[in-house]
Amino acid sequence: MTIDATIPPGKAKSTGSVLNDPKVRGYIYQGITLLLLVVFVYWVTENTIENLKRANIASGYGFLNGRAGFDVGQSLIAFTSDSTYGRALVVGFFNTILVAVTGIITATIIGFLVGIGRLSHNWLIAKLSMVYVEVFRNIPPLLVIFFWYSGVLAVLPQPRESLALPLDMYINNRGLAFPRPVFDSGAQFTFYALVIAVIASIVFARYARKKQMETGKRLPVLWTVLGLVIGLPLLTFFMTGMPITFDVPIAGKFNLTGGSVVGPEFLSLFLALSFYTASFIAEIVRAGIRGVSHGQSEAAHALGVRPGLTTRLVVVPQAMRIIIPPLTSQYLNLTKNSSLAIAIGYADLVAVGGTILNQTGQAVEIVSIWMIVYLTLSLSTSLFMNWFNAKMALVER
Amino acid sequence: MNTHQSTFVRTSMLAPSTPPVLEKGYIAWFRKNLFATPKDSVLTIIAILLLAWFLPPMIKWLFIDAAWTGGGRGVCATVAQGGSQPEGWTGACWAFVGAKFDQFLFGRYPIEERWRPALVGILFVALLVPMLIPKIPYKGWNAVLLFAALPILAFVLLLGGMLGLAYVETPLWGGLMVTLILSFVGIAVSLPFGIILALGRRSHMPVIRMICTIFIEIVRGIPLITVLFMASVMLPLFLPQGMTVDKFLRALIGVSFFASAYMAEVVRGGLQAIPKGQSEGADSLGLGYWQKMRLIILPQALKLVIPGIVNTFIGLFKDTSLVSIIGMFDLLGIVRQNFSDANWASPVTPLTGLIFAGFTFWLFCFGMSRYSGFMERRLDKGHKR
């Protein structure tokens, strides 16, 4: 409209200006935007190069081969202060994955329990679940992390007065000590057995499904799978002469000896992320179950399907279709929130990167590594989600 | 004639017999809601045991054993820790919160100038409350005052350096004040930017669509803390020498960027839910693009996604706590900074401070979510037949 005003009236009358063609105007707008963007990027790049030159920082990823010179508190792979920056980042990446995976598992369990609890007919359970959700959903995760870290775990007794927990575990202000499995020779057979059991279970489940489609008979899938996955490795374990033993932590006079220890940083991050994300998962689960219309279960009852089977065969599969897409994005959120580790010094990708950034000043490179890693995670998640949605989409006529 | 009447017709109804004892009052309620099935009974008993194990110590810690008044760490520490409490004492240290309350509100803002943020706060509440109550008229003027006049006034009052007000640099700002400013600006910036990004992502022009999509996906794909790092570490790199951006402003930019991307996705959801006929109808009436969006599409789309918008606001409010990681003192940051105050350091101080901060955050977020529920119900009436 503003362009209309600039066109001389005579000209517009005769042919209709090219500028009034939406297509041409679109090209003009896009051209201007692109030009501005290019100029902006050029200006930023020039400034960055200039600033880096003045600060004597060599750009490029060569610094990854330099000696790190710092220690990390907890690492899944061998790491000393003589290792390279690159290895430190790998350690950080594995730590991120570790806390994300454990957190996701715990959050899913708590979230499903609480979500189902909110729909319970039991007044007390429903109200307790509601209080849980409303409390944890409305408090920043960072605060929950500090709550565990400096509020609870820091005021636990010292190692010499460690609190004993069940299963030979101890907890003190340096973290949680738990029995460490020791693998002797022959232990690998147990793992092979586990792998075989899982494959066999999948084959059996497919067979059972096919059988049900053909004959309508249901085979006892759950029990067979449980038997296979637990029984087969256990059998192998005893047959090969119990090659896995446990190194149990023992409370000594001043400290605990033996076992494995996870630090309070990991514990508080893990607990906080699990509890925080669980409150969102609970709401997703609740919405999913309520999203299945009542007619579905009524129809199942009318067909004579028993209540337990109705839930398993009619309600849950349909609820899962609603639940899984937001659930994956919650998993992604948890993974991204694990970057709050930097606040308490758990050596995740962001915390390690931050340390390197302070030491070397390679801001652009570090930030680019962060972005690549997190973007890869989130893009693969959305790819999975697209695939899932396509698979689960309602097949209509 | 026989006057004797052989038929009997009651003129009043029989009083209903009382229901069985087990079917009325508390007992029936308990039976129905707590002990309906054996499984329910077990769950109820477990829940009651859990509450009995958990609640009394919590109340005792929070209220009964708590140190409510006192001038220093002595009241919050046991004798062995150098205080006056008996051995084995533990309880909340509300005296700490009381003594530091002004700091939790305003940070290190100079004490003699604190009337300025207080005035801004009062004005904010005075403008916000009528905005939130649907019955009060003049919403347009109210919005202008709240979103245009107040920010300018707040900028002048808080920063100072003009009109005879002393200059207060932003590193001195802190506490709840910073949390609220960050969220208010984030909310006020992210909504229009989010709408523009969402429209851009649905645009027919490939270049604009691509730019918006890339921006949204990148910002949504990375954690806020890396965005804040970028804002605080890389922004100075991007600018020419001598041009600096205030640290507070950097955090504001980071938070607003982040919230805009999320807002864009929420708004896009609303835009997608509007049937194509609405847009075609607007086209056939001869409305231009912006007229069509402003008058037809956006009012419907935004109404649909109010819950999502408020959820983004709540997320933004909680996320402002992250600025404490890049060295600013928002509510959480200032509470944590005070843990190291030698005058108040004791084993229970951190927990007390964090519970106070958590409760404050909770109050705001819970209030927002309740208000959004209220708005949803109010706006939903149009669809009821």
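How do α4(B) and α5(B) lie relative to each other, roughly parallel or roughly antiparallel? They are roughly antiparallel, and the first legend below shows where that comes from. Keep in mind that this is a predicted model.

**Figure 1. Two helices of chain B, α4 and α5, packed together.** When two helices pack, we describe the pair by the angle between their axes and the distance between those axes. Here, helix α4 of chain B covers residues 115-132 and helix α5 of chain B covers residues 139-159. Their axes sit 10 Å apart, at an angle of about 170°. Angles over 145 degrees count as roughly antiparallel, so that is the label for α4(B) and α5(B).

**Figure 2. Who meets whom between α4(B) and α5(B).** On the α4(B) side, look for Arg116(B), Pro117(B), Leu119(B), Val120(B) and Leu123(B), followed by Phe124(B), Leu127(B), Leu128(B), Pro130(B) and Met131(B). Facing them from α5(B) are Lys139(B), Asn142(B), Ala143(B), Leu145(B) and Leu146(B), along with Leu150(B), Ala154(B), Leu157(B) and Leu158(B). What kinds of residues make up this contact? The split is 16 nonpolar, one polar and two charged.

**Figure 3. Thr213(B) in its helix.** Zoom in on helix α7 of chain B, residues 206-221, and you'll find Thr213(B) there. Is Thr213(B) buried or partly exposed? A buried residue needs 20 or more other C-beta atoms within 10 Å of its own. Thr213(B) has 15 such neighbours inside 10 Å, so it counts as partly exposed. Now find Ala264(B), which is 51 residues away from Thr213(B) along the chain. In space, the C-alpha atoms of Thr213(B) and Ala264(B) are separated by 9.8 Å.

**Figure 4. Chain B and its domains.** Chain B has 14 helices and zero strands. Its radius of gyration is 29 Å, well over the 21 Å that the globule rule gives for 385 residues, so chain B is more spread out than a compact globule. Along the principal axes, its C-alpha atoms fill a box of roughly 120 × 80 × 45 Å. The domain assignment gives domain 1 (21-65), domain 2 (94-109 + 168-383) and domain 3 (111-167). Between the centres of domain 1 and domain 3 of chain B, taken over C-alpha atoms, there are 47 Å. Buried residues make up 33% of the 385 residues in this chain.

**Figure 5. Chain A and its domains.** This chain has 13 helices and eight strands. Chain A's domains are assigned as domain 1 (2-54), domain 2 (85-172 + 263-392) and domain 3 (180-247). The centres of domain 1 and domain 2 of chain A, over C-alpha atoms, are separated by 45 Å. The radius of gyration of chain A is 29 Å, while a compact globule of 397 residues would come out near 21 Å. Of those 397 residues, 29% count as buried.

**Figure 6. Where chain A touches chain B.** Chain A brings 47 residues to the contact and chain B brings 46 residues. On the chain A side, the elements giving two or more residues are α3 (22-54), α5 (123-137), α6 (141-152), α11 (307-337), α12 (349-360) and α13 (363-392). Which of them gives the most? That's α3(A), with eleven residues. By type, the chain A side divides into 30 nonpolar, 14 polar and three charged residues.

Definitions and conventions: Residues are numbered from 1 along each chain as its sequence is written. Chains are lettered from A and ligands numbered from 1 in the order in which they are written. This is a predicted model: local features need pLDDT of at least 70, side-chain atom pairs count only at pLDDT 80 or more; totals for chains, interfaces and linings use all residues. Two residues are in contact if their C-beta atoms, placed from the backbone, lie within 7 Å. Helices (H or I, at least four residues) and strands (E, at least two) are DSSP runs, numbered from the N terminus. Ala, Val, Leu, Ile, Met, Phe, Trp, Tyr, Cys and Pro count as nonpolar, Asp, Glu, Lys and Arg as charged, and the others, Gly among them, as polar. Domain bounds come from an automatic or database domain assignment. Axes are lines fitted to C-alpha atoms, for helices over the stretch in contact, and angles run from 0 to 180 degrees between N-to-C directions. Angles under 35 degrees count as roughly parallel, over 145 as roughly antiparallel, 65 to 115 as roughly perpendicular and the rest as oblique. The radius of gyration is taken over C-alpha atoms; the globule rule is 2.2 Å times the number of residues to the power 0.38. A residue is buried if 20 or more other C-beta atoms lie within 10 Å of its own, exposed if 12 or fewer, and partly exposed in between; C-beta atoms are placed from the backbone.
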